[in-house]
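Thanks for coming, everyone. I'll take a few minutes to walk through one model. Please have the viewer open.

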Amino acid sequence: MIEMIFEKAFGATPQMCLFTPGRVNLIGEHTDYNGGRVLPTAIGLGLDIALSPRDDDTIVIHSNKFDELSTRSLSDTAQDIWSDYAAGAIIFANKSGLMKSGANIAITTSLPFGAGLSSSAAVIVGILKAARELSNSSLSDTEIAVLARRVENEFIGMPCGIMDQMAVAIARPGQALALDTKSLSYDLVDLPEDYHMAVIHSGHFRQLSEGRYKIRKEECDVAKAFFGHNDLCLLSDEDLAMSSGLPNAIQKRTRHCVSEHRRTVEAVNAIIADDIDRFGQLMIESHNSMRDDFEITLPEIDLLVSDAVTLGAKGARMTGGGFGGCIVACVPTADMQAWQEKLLSRHSKAFFVC
Ligand code: GLA
């Protein structure tokens, strides 16, 4: 399918085709730029990418979401348009020696836009992996993820952490990536087979580059400077007790980072011990912390989460950067259909993603 789309757009067979999944984070939000743990898993939806290098500096990008081809160049800077992610990936593939030219690229995506399911990380990681295959490079998936984060941080100007890139580069559906974002060491943890990690879009769309993510990151930077510690998530209770000199909002952001990191460590242990009640409880506590301490939820999403639990999920929480997007709920597989129907009938804007 992606081959045919590429051939139609560019009149030639692509040299490389691959699939990159989206991700949903089960717990561990806004911990990945604060030295803490995260627990994302890959979802079945994602991006197909087809790519051929060109013999000039031009980058031409076709996407099933946009009518027009986008033509960019290796000397481009970001222009705040959809093709920035693909263009940035090719530019950084050239900077790092994975490629020596522009490229023709076709992308088809099944990920809803603005859902917080890491479509931008999937575009960048997918293109970098295609470039790796074509150049027979020995870069590891972790090194690809680190390079992909540089595209976001340095080219796009989005100060994100490393979770999304690591998740889409390494995680698989059915397994969660228990990642230490400080050392980048990780374990793949099997998810319980009789539960579904349901992803429901709230109907409120978001864009990280809007600036609110940056504000939270800057608030964490204020706390890091105060404590003289780059890893906010790893502060001790004694450290926290000394935070009274900080503005109330910064104290709350810090408290979220510390508690969310600890919940994530416990959540991994709960999954391994097959204690899904505890795992669900930790998801609920995580949502409450995002609502009350990190202050990144919306009232409509708080209601969606509490209804998800009332209707039978073991736990539920908003997932991703915040201010809209999706919730994730841990639902007994046998109850999925009825649960979903009841939840969506209460929330007219919400829709099932996977
Ligand atoms: C976005 C960022 C990630 C992470 C999450 C919040 O998805 O890209 O790096 O910070 O928000 O957990």
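**Salt bridges, strands and a charged patch**

Let's begin with a contact between two side chains. Aspartate 307 and arginine 346 form a salt bridge, and their closest N and O atoms are 3.2 Å apart. This pair links distant parts of the chain. Aspartate 307 sits in helix α10, residues 299-310. Arginine 346 belongs to helix α11, residues 336-346. The two are 39 residues apart.

A caution before I go on: this is a predicted model.

Now, burial of that pair. Aspartate 307 counts as buried because its relative accessibility is 12%, and the cut-off is under 20%. Arginine 346 is partly exposed, with a relative accessible area of 46%. Salt bridges also chain together in this model. Arg216, Glu219, Lys252, Arg253 and Glu295 are joined into one network by salt bridges that share partners.

How many salt bridges are there by this rule? The count comes to 26. Let me pick out two others.

Take arginine 72 with aspartate 84. They form a salt bridge, with 2.9 Å between the closest N and O atoms. Again, the pair links distant parts of the chain. Arginine 72 is in strand β5, residues 70-73, and aspartate 84 is in helix α2, residues 84-95. They are 12 residues apart. Buried or exposed, arginine 72? Arginine 72 counts as buried, at 3% relative accessibility. Aspartate 84 is buried too, with a relative accessible area of 4%.

Next, arginine 132 and glutamate 133. This salt bridge has its closest N and O atoms 3.3 Å apart. Arginine 132 is buried, at a relative accessible area of 11%. Glutamate 133 is partly exposed, at 39%.

**Strands around β4**

Back to β5, and to its partner. β4 and β5 form a hairpin, with 6 residues between them. They run antiparallel and are joined by 4 bridges. β4 also pairs with strand β6, residues 103-109. That pairing is parallel, over 5 bridges. One residue shows both contacts. Valine 60 stands opposite threonine 71 in β5. Valine 60 also stands opposite asparagine 104 in β6.

Why is β4 described as largely enclosed by the rest of the structure? Because 5 of the 6 residues of this strand, residues 58-63, are buried.

A general reminder here. Strands of a sheet pair through backbone hydrogen bonds, and the sense is either parallel or antiparallel.

**Another hairpin, and a patch**

Move along to strand β7, residues 175-180. β7 runs antiparallel to β8, and 5 bridges join them. Leucine 177 has leucine 188 in β8 as its bridge partner. The hairpin of β7 and β8 has 5 residues between the strands. In that hairpin, leucine 184 takes a positive phi near 65°. Check that one on your own plots.

Now look at aspartate 190. Aspartate 190 lies in strand β8, residues 186-190. Aspartate 190 counts as exposed because its relative accessibility is 55%, and the cut-off is over 50%. What kind of charge gathers around aspartate 190 on the surface? Asp190, Glu193, Asp194, Asp274 and Asp275 form a patch of negative charge there.

**The open sheet**

There is also an open sheet of 4 strands. The order is β10-β11-β9-β12, and the pairing is antiparallel. Which strands are at the edges? The edge strands are β10, at 315-318, and β12, at 351-352. Each of those pairs on one side only. β10 and β11 run antiparallel, with 4 bridges joining them. β11 covers residues 326-332. Methionine 318 has isoleucine 327 in β11 as its bridge partner.

**Buried helices**

Two helices to finish. The first is α5, residues 163-170. Here 8 of the 8 residues are buried, so α5 is largely enclosed by the rest of the structure. Among those buried residues are Asp164 and Gln165, along with Met163 and Met166.

The second is α9, residues 276-292, where leucine 282 is found. Leucine 282 is buried, with a relative accessible area of 0%. For a sense of distance, compare lysine 95. Leucine 282 and lysine 95 are 187 residues apart in sequence. In space, their C-alpha atoms are 42 Å apart.

That's my tour. Questions, please.

Terms used
Residues are numbered from 1 along each chain as its sequence is written. This is a predicted model: local features need pLDDT of at least 70, side-chain atom pairs count only at pLDDT 80 or more; totals for chains, interfaces and linings use all residues. Side-chain values use heavy atoms; hydrogens and water are left out. Patches are made of residues with over 30% relative accessible area and no salt bridge: like charges are joined within 9 Å, nonpolar side chains (Val, Leu, Ile, Met, Phe, Trp, Tyr) within 5 Å. Accessible areas come from the Shrake-Rupley method with a 1.4 Å probe; for residues, only the protein chains shown count as cover. A salt bridge is a side-chain nitrogen of Lys or Arg within 4 Å of a carboxyl oxygen of Asp or Glu. Lys and Arg count as positive and Asp and Glu as negative; His and the chain ends are not counted. The place of a charge is taken as NZ of Lys, CZ of Arg, CG of Asp or CD of Glu. Buried means under 20% relative accessible area, exposed over 50%, partly exposed in between (1.4 Å probe, protein chains only). Two strands pair if DSSP finds at least two bridges between them.
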